[in-house]
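Here are my notes on the model you sent, set out as numbered points. They deal with a sheet, the helices beside it, the salt bridges and some backbone angles.

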Amino acid sequence: MIAARLLIPKLSSSSSSSSSCFIVKNNPTRTKYYGFFSNHQKLAFLSYPITSSSARTRTRITDLSSCTSPGKFSQGTTRLGSYCLKNNTTRIRSLSSMNTTSALEVSSSLPPDKLDRILAGKDDDHDGVIVQLTDQPLDPSLFTSLLHASLSHWKLQGKKGVWIKLPIELANLVEPAVKAGFYFHHAEPKYLMLVHWLPSTTNTIPANASHRVGIGAFVMNEKNEVLVVQEKSGRFRGTGIWKFPTGVVDEGEDISAAAVREVKEETGVDAKFVEILAFRQSHESFFDKSDLFFVCMLRPLSFEIQLQETEIEAAQWMPFQEYAAQPFVQKHQLFKDISDVCLAKKGGQYAGFTPVPAETSLSAKKTHLYLNKQGLNYE
């Protein structure tokens, strides 16, 4: 039989002292039982004769009160919850406490089709995983086992956000998912979207709404050099394309403030917002929602670059003509149009939209009205 590795999930340090992974060996019949235990709850249980590839069965045990510690059971019938292990002496052996900082891997003789029992997921563009479950019934205890094993596996891979798209028919799985650290991101008539941020770093998953608002920052110095970056993640990762600093506007944040913040975060350059040069709207974008993207012009107040190493591969001041001549910019009409608008603004032939402080009687909150001041009496 092919030797392979079985991935065992980590249990939190809050688990009881009996929270361990056990292997039950029924020596006379050479049957191996593999399972994950936590607080006397059986999360998953596989059993089959190791001398034969046939007659493999899955058994689920819900009550392990009779095997809280390693030891030998009496001969004859040993009862584990509502199931029995028969035939002579059965031995249970503790492998280790799961209060470790990472998942453990142990050798086993499990066949390949019984290994790596984790939830099927698709990698996204931001080092995350998207799990889309079908509407087929799934037992909560088995789901819990698969989820814990999957999270341990994804942590080892360095994944960040884990998304679970849960059909409304599987609403009974919400509770075990929430207990595992997931929270609601958004809900639609036919599904719930749950998400879990795995790293110990700040959660950067954007909140959901009908539209997402993004910015692109056109920052040019007195040498006619434009501030550009190469990204470590997203659709431009590894392409060698130089682009404007971009980002998503946070909840409660003005577009102008978001542009200044994103430039500072990605490049370390301080800048002052000048105008909105243009914007575009697209649909069926982020989670099938609409997307608004504003091209903003900023004036640099500092010039030394200190790039954000977690998201940005490289940053530099590049001659504008060199940026505009990139094949990607010339090939895609949207990027070429944006480049032309920036060039026209640079030559004084174009006027964008300037933020003017505004408030209404409907709300005491201060906001901004973005307008073209040309021909208007605004300072």
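1. Strands β16 (residues 211–219) and β20 (residues 290–300) run parallel to each other and are joined by nine bridges. In this pairing His211 faces Ser290 of β20. The model is a predicted one, which applies to every point below.

2. The two strands belong to an open sheet of four, ordered β18-β16-β20-β19, with mixed pairing. β18 (246–248) and β19 (271–282) are the edge strands, each of them paired on one side only. From one strand to the next the twist averages 25°.

3. Which strands does helix α3 touch? Helix α3 (residues 255–267) packs on the sheet and touches β16, β18, β19 and β20. The direction of α3 is at about 60° to that of β16. A further helix, α6 (residues 333–346), lies across β16, β19 and β20 and runs at about 145° to β19.

4. The length of α3 needs no comment beyond the numbers: its 13 residues span 18 Å from the first C-alpha to the last, close to the 18 Å expected at 1.5 Å a residue. After α3 comes Gly268, with a positive phi near 80°.

5. The buried residues of α3 include Ile255, Ala258, Ala259 and Val263. Charged residues are also on that list, among them Arg261, Glu262 and Glu266.

6. Arg261 deserves a closer look. With a relative accessible area of 18%, Arg261 is classed as buried because the cut-off is under 20%. Its side chain forms a salt bridge with that of Glu265, at 3.2 Å from N to O. The two residues are four apart in helix α3, so about one helical turn separates them. Residues at such a spacing point the same way, because an α-helix has 3.6 residues a turn. Glu265 is partly exposed, at 36% relative accessible area.

7. The contact between Arg261 and Glu265 is part of a network. Asp250, Glu253, Arg261, Glu262 and Glu265 are joined into it by salt bridges that share partners.

8. How many salt bridges does a search of the whole structure find? There are 13. One of the pairs is Arg237 with Asp127, whose closest N and O atoms are 3.1 Å apart. Arg237 sits in the loop between β17 (225–231) and β18, and Asp127 in the loop between β11 (122–123) and β12 (129–132), so this salt bridge ties together parts 110 residues apart in sequence. Arg237 is partly exposed, at 39% relative accessibility.

9. Lys179 and Glu175 make another salt bridge, also at 3.2 Å from N to O. Both residues are in helix α2 (residues 174–179), with four residues, or about one turn of the helix, between their positions. Lys179 is exposed, its relative accessible area being 66%.

10. Two backbone angles should be checked by eye. Asp127, the partner of Arg237, has a positive phi of about 60° and is not a glycine. Its relative accessibility is 26%, which counts as partly exposed. Asn224 likewise has a positive phi of about 60° without being a glycine. Asn224 is located in the loop between β16 and β17, and at 37% relative accessibility it is partly exposed.

Technical notes: Residues numbered from 1 in each chain as written. Predicted model: local features only at pLDDT ≥ 70, side-chain atom pairs only at ≥ 80, totals over all residues. Heavy atoms only, no water. Pairing = 2+ DSSP bridges. Axes fitted to C-alpha atoms, helices over the stretch in contact; angles between N-to-C directions. Contact = heavy atoms within 4.5 Å. Expected span 1.5 Å × (residues − 1). Buried < 20%, exposed > 50% of the residue type's maximum accessible area, 1.4 Å probe, protein only. Salt bridge = Lys/Arg side-chain N within 4 Å of Asp/Glu carboxyl O.
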